[in-house]
Amino acid sequence: MALRVSSQGLRLSVAWREFAPFSHWRSLHNGPDTVEELLERHLDSPKTSKDEEDERLVRQRLTSTRREALALYRDILRASRFFLWTNEKGIPWRDILRANARREFEEARFETDPEVIARLLVGGRDAVETAVDKAVEKHRQLLERRSKGDNPRS
């Protein structure tokens, strides 16, 4: 079979002797048996494309929440630098906060429910902001006491 372009347009010329019998041709390419199989193999069905789109959205959401979780974890580590004082056992609060953050992140590591993940991220972000605000306020109070000459330990 050949396609030729001439001044009269496209022409399809067929050399019949080049064609092998249909059964022989069928065994060579191992294609679909019916037109439906051919269409199914080569055309995207709406269900397949919908599934792929859903999978892409899920992957995108997971990537997004993963980024948010990592950003929150980094913010917790950065914020823990402000907590230099020790507890009654002599352990720096910085280390305690980091260990607790790690434990909580490990507990939620395999969570798949988007609502729970969102709630954990929002709660964690709020806790970090609250802790940093309290640390800043406490530091401000200590500076005011020092400037007035009061004992900063009281």
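## Phe 105 and its surroundings

Phe 105 is partly exposed, at a relative accessible area of 26%. Keep in mind that this is a predicted model. So what does Phe 105 pair up with, and in what geometry? A search of the whole structure turns up 2 aromatic pairs. In one of them, Phe 105 meets Tyr 73 edge-to-face, with 5.0 Å from centre to centre and 75° between the planes. Tyr 73 sits in helix α3 (residues 46–80) and Phe 105 in helix α4 (residues 93–107), so the pair ties together parts that are 32 residues apart in sequence.

Is Tyr 73 buried or exposed? Tyr 73 counts as buried because its relative accessibility is 19%, and the cut-off for buried is under 20%. Here is how Tyr 73 and Phe 105 line up with Glu 129, a residue of helix α5 (residues 114–148):

| Residue | Relative accessible area | Class |
|---|---|---|
| Tyr 73 | 19% | buried |
| Phe 105 | 26% | partly exposed |
| Glu 129 | 45% | partly exposed |

Glu 129 also has a long reach in sequence terms: Asp 75 is 54 residues away along the chain, yet the two are 9.5 Å apart in space, C-alpha to C-alpha.

Now for the whole chain. The protein chain has 5 helices and 2 strands, and they run in the order β-β-α-α-α-α-α along the sequence. Of its 154 residues, 10% are buried. The accessible surface comes to about 13400 Å², and carbon and sulfur atoms account for 55% of that. As for contacts with a separation of 6 or more, 35% are between residues 24 or more positions apart.

Conventions: Residues numbered from 1 in each chain as written. Predicted model: local features only at pLDDT ≥ 70, side-chain atom pairs only at ≥ 80, totals over all residues. Heavy atoms only, no water. Helix = DSSP H or I, 4+ residues; strand = E, 2+ residues; numbered from the N terminus. Buried < 20%, exposed > 50% of the residue type's maximum accessible area, 1.4 Å probe, protein only. Contact = heavy atoms within 4.5 Å. Areas by Shrake-Rupley, 256 points an atom, 1.4 Å probe, with all protein chains shown as cover. Phe/Tyr/Trp six-rings, centres within 6.5 Å; stacked < 30°, edge-to-face > 60°.
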